[in-house]
Amino acid sequence: MNTATTAPFLPFSRPSIDEATIAEVANVLRSGWLTSGPKVQAFEAALSEYLGGRIVRTFNSGTCTMEIALRIAGIGVGDEVITTPISWVATANVIIEVGATPVFADIDPITRNLDLDKLEAAITPRTKAIIPVYLSGLPMDMDRMYAIAKKYNLRVIEDAAQALGSRWKGKPIGSFGDFVSFSFQANKNLTTSEGGCLVVNTPEEARLAEKYRLQGVTRSGVDGIDVDVLGGKYNMTDIAATLGLGQLPQIDAIAAHRRSLAQHYFACFGADFEAKSGAQLPVADMENSNWHLFQIILPKTVVRADFMKQMMEFNVGTGYHYSPIHLFTMYRERGFKEGMFPVAEHIGYQTVTLPMFNAMQKEDVERAVAAVKSCLYSAK
Ligand SMILES: *Cc1c(COP(=O)(O)O)cnc(C)c1O
């Protein structure tokens with residue numbers, strides 16, 4: 001047995017919560033206040049400060065945030081919303097959830113984010129909004145994306161689920177723009193176990209967000225209560241907010257660490273890896289991306305499931321982010337089919353996520369790269 005297979009399992013993602021945060025969670029558990037309370041308020045204030053003073057509201061996922069943004073924007077039946085086929089299915093599901101029609105545009109083969117030419121070509125008189133996704137934490141050309149939105153008078157709901165700590169021209173993603181949604185699910189760079197937040201534009205939007213978050217309720221006076229919109233149950237707990245408060249001060253350091261791991265990935269793969277393996281490395285962005293994921297695209301000749309199984313023989317975990325949304329049964333039933341978005345289909349079937357997490361070390365990168373090379377160089 002070689003050392004690679006006796007080494008402990010290296011997952012593609014693993015959350016790490018420091019002892020101080022765990023102690024603070026224990027304090028909350030003893031405090032008598034578990035649901036939304038002072039910790040949620042403090043977390044919202046801290047997020048707002050990190051995001052340049054914009055208004056932020058927290059929720060129990062980074063899915064309901066997008067649904068609520070669509071509702072705040074008044075988007076529903078008869079409206080079209082354009083997004084990418086390569087995202088977590090939540091991104092498109094929320095469009096259907098509010099009664100609107102999801103429209104996809106193909107992705108750019110290099111960045112793997114929405115191709116802005118194709119996005120613009122997909123706009124119709126019924127288009128009301130776009131939901132761009134920053135896959136792996138890599139932003140798109142934000143200036144151009146917002147110029148298109150302005151030209152066609154569209155709302156933007158940024159699915160920045162993976163992009164907390166990413167930047168554009170030096171500014172944090174979320175510190176500018178229209179609606180911006182983040183997720184704090186367990187695999188994300190910052191996690192509250194489950195959770196999310198939405199950046200909104202005005203106090204009116206924030207009030208609506210609060211209503212949609214909690215049954216449409218508005219309270220007043222000592223015992224005043226009214227309900228004037230149909231809200232749901234989407235509030236964050238103080239337990240979750242405490243987890244977020246513990247990590248938020250580290251978010252730039254987390255991004256910097258992951259960037260150094262990404263840099264090490266590129267160094268270990270070496271300049272000849274793409275030619276030798278037929279695989280494609282991600283964009284080597286060391287400025288904007290928070291390196292939420294490190295993803296390679298396998299050559300067409302390699303069956304992804306076989307590759308993933310082979311990686312397991314080296315005790316290295318992998319993931320796939322994501323399968324093309326338009327080819328899921330529910331979307332096929334809405335008329336989508338193979339061949340509509342060829343770039344997304346190729347990437348969706350051949351993408352593999354390699355290990356990348358906050359507590360990962362350079363030796364882990366070396367192990368992962370050695371395993372990839374063993375699998376791919378022998379496959380070729
Ligand atoms: C994680 C993620 C979501 C959903 O976030 P949840 O908090 O799990 O609801 C949506 N879109 C993208 C791109 C994601 O990575």
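**Ligand surroundings**

In this predicted model, 15 residues surround the ligand, and those that come nearest are Gly 62, Thr 63, Asp 159, Ser 183 and Lys 188. Polar atoms of the protein approach the ligand at several points, including the three in the table. Gly 62 takes part through its backbone, whereas Asp 159 uses its side chain, as does Gln 162. The ligand atom facing Asp 159 is a nitrogen; the one facing Gly 62 is an oxygen, and Gln 162 also lies by an oxygen atom of the ligand.

| Residue | Protein atom | Ligand atom | Distance |
|---|---|---|---|
| Gly 62 | polar backbone atom | oxygen | 2.8 Å |
| Asp 159 | N or O atom in the side chain | nitrogen | 2.7 Å |
| Gln 162 | polar side-chain atom | oxygen | 2.9 Å |

**Two domains and their interface**

The protein splits into domain 1, residues 19-250, and domain 2, residues 251-379. Their C-alpha centres are 25 Å apart. To the contact, domain 1 contributes 42 residues and domain 2 contributes 40 residues. About 3300 Å² is buried between domain 1 and domain 2, and carbon and sulfur atoms supply 58% of that area. On the domain 1 side, the residues that lose the most area to domain 2 are Phe 104, Arg 112 and Asn 189; together they make up 22% of what that side buries.

Polar pairing also occurs across this interface. Between domain 1 and domain 2 there are 24 residue pairs in polar contact, counting pairs with both residues at pLDDT 80 or more. Three elements each give two or more residues to the side of domain 1 that touches domain 2: α5 (90-97), β3 (101-104) and β6 (167-168). Of the residues on that side, α5 provides the largest share, 3 residues. Sorted by class, the side of domain 1 that touches domain 2 holds 23 nonpolar, 13 polar and 6 charged residues.

**Salt bridges**

The interface of domain 1 and domain 2 has 1 salt bridge. The side chains of Arg 167 and Asp 252 form a salt bridge, with 3.5 Å from N to O. Arg 167 belongs to the range of domain 1 and Asp 252 to that of domain 2.

Over the whole structure, 16 salt bridges are found. One of them pairs Arg 213 with Glu 44, whose closest N and O atoms are 2.9 Å apart. This pair connects distant parts of the chain, with the two positions 169 residues apart: Arg 213 is in helix α8 (residues 203-213) and Glu 44 is in helix α3 (residues 38-50).

**Backbone exceptions**

Most residues other than glycine have a negative phi, and most peptide bonds are trans. Two places in the model depart from these patterns. Lys 169 is not a glycine, yet its phi is positive, at about 50°. Lys 169 sits in the loop between β6 and β7 (171-172), and β6 is one of the elements named above on the side of domain 1 that touches domain 2. The second place is the peptide bond between His 321 and Tyr 322, which is cis with an omega of about 15°. Tyr 322 is located in the loop between α12 (304-313) and α13 (329-332).

Methods
Residues numbered from 1 in each chain as written. Predicted model: local features only at pLDDT ≥ 70, side-chain atom pairs only at ≥ 80, totals over all residues. Heavy atoms only, no water. Domains from an automatic or database assignment. Contact = heavy atoms within 4.5 Å. Buried area = accessible area lost by both parts, 1.4 Å probe. Salt bridge = Lys/Arg side-chain N within 4 Å of Asp/Glu carboxyl O. Polar contact = N/O pair within 3.5 Å; in protein donor to acceptor, adjacent residues only side chain to side chain. Helix = DSSP H or I, 4+ residues; strand = E, 2+ residues; numbered from the N terminus. Nonpolar A, V, L, I, M, F, W, Y, C, P; charged D, E, K, R; others polar. Near = heavy atom within 4 Å.
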